[in-house]
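Reader: I would like a close look at one part of this model, the place where two neighbouring helices meet. Please go through the contact step by step, then place it beside other parts.

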Amino acid sequence: MIMKLYSTRNINETIDSKDAIIKGLSNDGGLYSPLLKDIKEAHFDIEKLLDASYKDISKIVFKTFLSDFSDEEIETCINNAYGEGNFGAYKNNIAPTTKIGDNFLLELYHGPTSAFKDMALTILPQFLTTAYKSKGSDSKVYILTATSGDTGKAALSGFRDVPNVFITVFYPTDGVSNIQKMQMQTSEGNNVSVVALNGDFDDCQRLVKEIYTDNKIKELCNNKKVVLSSANSINIGRLVPQIVYYINSYIELVRNNYIKLHDKVNFTVPTGNFGDILAGFIAKNLGLPINRLICASNDNNVLTDFINTGTYNKNRELYKTISPSMDILVSSNLERLLFLLSDGDSILIKNLMNDLNAKGTYTISNDLLAKIKEHFSCSFANENECKETIKDAYLNDKRLIDTHTAVAYACLKEYLKNNSDDKSVNVILSTASPYKFARSVLPCISSENIETLNDFEYLDKLYEISKEAIPQNLSSLKNKTIRFNDTLSYNDCKTYVVNKIGGLGD
Ligand SMILES: *Cc1c(COP(=O)(O)O)cnc(C)c1O
């Protein structure tokens, strides 16, 4: 079966997955998405997967959604991405599910940059180069990426020295942790560049979207034989790999006798751009027995309000929290959820997104809201609740969790308080290594005076207390040279990109 992809803003525009991965975003600003009925039709028998490895499941999922890739192409992509080089000791199960109290953590942070973005960004470059080769194109691919901290480094790492591909990452000044900033500024490779944008993450995201739809830039790209693409979760090649770990996690629970086959489980997902949780929704529609998808937010609780009321309203202050990868007011992948649940009503989606652009807000019908509530619950945790949860997990569950995972755990506890009749097993998606956010995590579990310590002393101190190994990619930052230190205004970033494109074409 061929899984067709459509622009969420124009149902008449269809595209194969290779082109969708190369392009990232549709010319009309829409995202590429399948239809819900096609996903449901592609459902699989979970009992056939009980012995499947992470790579086996990947193969099945990728074949379903990337139907214009050959079996051989898919296999090569998987082997190049999910091996020892990227996942070290975790190569046989790159996303294990482990216990935390009575619940479970789905550990998504064992990749090369210690955040869940690695799950998709180790393989997206494989998809992209495969697609590009098979199209026989002689253009260069230029990837623009907006990051709230984790995507940037994962993309820089994944695309490092990939032939004919160039990448620039924009991160917001002050919006990322020190370690995240260092990770990006020290990036290696001859095809990478990093710019700090004087603004917040939504500015970065707006910049990238604006560049994609700018007609003058489009013309320049045509002249210079440059194709713009995206490593953000608007790229369908990011979304598809994320479906795999939901299935893998479920099967692991069955195999370890924590649940019986067909028992339903809840997944609580620390959410920013809605990519991670959307992959869970797709897994559910493929037939994975999921009860609730719990959308966890921090103080930037746009999504909590939206799922409660049906009105999305980004006209509010963006708070900087200790879970910076979720400090987002415009959740791009929500557009795909609306497209799926409205059965591909691209006129509706276009109107809603026009409202969002023009007024910063839109409201969906009660019908559509009811469809969302059928699957999703929501909650948010403030800074204090997040810190208390880290402390609590450490003292009571003997688990060290990062700030994003803590937001999810706090939201799950809130959910369970309000839904004591829900007896489903609960899995929390754990999206980052606690070491990546050591400055925020350590004070929650240590009463020592730590204010004067530098970033690396924080890592060491956290290790002293927890005895969990420091990821090598983080401890080795100490010896790396800063290569990228530019801070630019919004408009200068645009000029920067125009100049880059000019240079690539020569
Ligand atoms: C990106 C990120 C999230 C949010 O995921 P979305 O797919 O954007 O919703 C949560 N936690 C961490 C650590 C992240 O890097």
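**A helix contact in detail**

Author: In this predicted model, Ala-438, Arg-439, Val-441, Leu-442 and Ile-445 of helix 20 make contact with Asp-455, Tyr-458, Leu-459, Lys-461, Leu-462 and Ile-465 of helix 21. By type, the residues of this contact are eight nonpolar, no polar and three charged. Helix 20 covers residues 438-445 and helix 21 covers residues 455-466; their axes are 10 Å apart and the packing angle is about 40°. Angles under 35 degrees would count as roughly parallel, so helix 20 and helix 21 are oblique to each other. Their crossing is left-handed.

A second helix pair can be set beside this one. Helix 15 (residues 334-341) and helix 16 (residues 346-359) have axes that come within 9 Å and cross at roughly 150°. With over 145 degrees as the cut-off, helix 15 and helix 16 are therefore roughly antiparallel. The crossing of helix 15 and helix 16 is right-handed. On the helix 15 side the contact is made by Glu-335, Leu-338 and Phe-339, and on the helix 16 side by Ser-346, Ile-349, Leu-352 and Met-353. These residues divide into five nonpolar, one polar and one charged.

The ligand site is a separate matter. There are 15 residues around the ligand, and Lys-117, Asp-150, Gly-272, Asn-273 and Thr-431 come nearest. Lys-117 places a polar side-chain atom 2.6 Å from a ligand oxygen atom. For Thr-431, a polar side-chain atom lies 2.8 Å from a nitrogen atom of the ligand. Gly-275 has a backbone N or O atom 3.2 Å from an oxygen atom of the ligand.

Note on methods
Residues are numbered from 1 along each chain as its sequence is written. This is a predicted model: local features need pLDDT of at least 70, side-chain atom pairs count only at pLDDT 80 or more; totals for chains, interfaces and linings use all residues. Side-chain values use heavy atoms; hydrogens and water are left out. Axes are lines fitted to C-alpha atoms, for helices over the stretch in contact, and angles run from 0 to 180 degrees between N-to-C directions. Helices (H or I, at least four residues) and strands (E, at least two) are DSSP runs, numbered from the N terminus. Angles under 35 degrees count as roughly parallel, over 145 as roughly antiparallel, 65 to 115 as roughly perpendicular and the rest as oblique. A crossing is left-handed if the near helix is turned anticlockwise from the far one by less than a right angle, and right-handed if clockwise. Contact means heavy atoms within 4.5 Å. Ala, Val, Leu, Ile, Met, Phe, Trp, Tyr, Cys and Pro count as nonpolar, Asp, Glu, Lys and Arg as charged, and the others, Gly among them, as polar. A residue is near a molecule or strand if one of its heavy atoms lies within 4 Å of it. A polar contact is a pair of N or O atoms within 3.5 Å; within protein, one must be able to donate a hydrogen and the other to accept it, and residues adjacent in sequence count only if both atoms are side-chain atoms.
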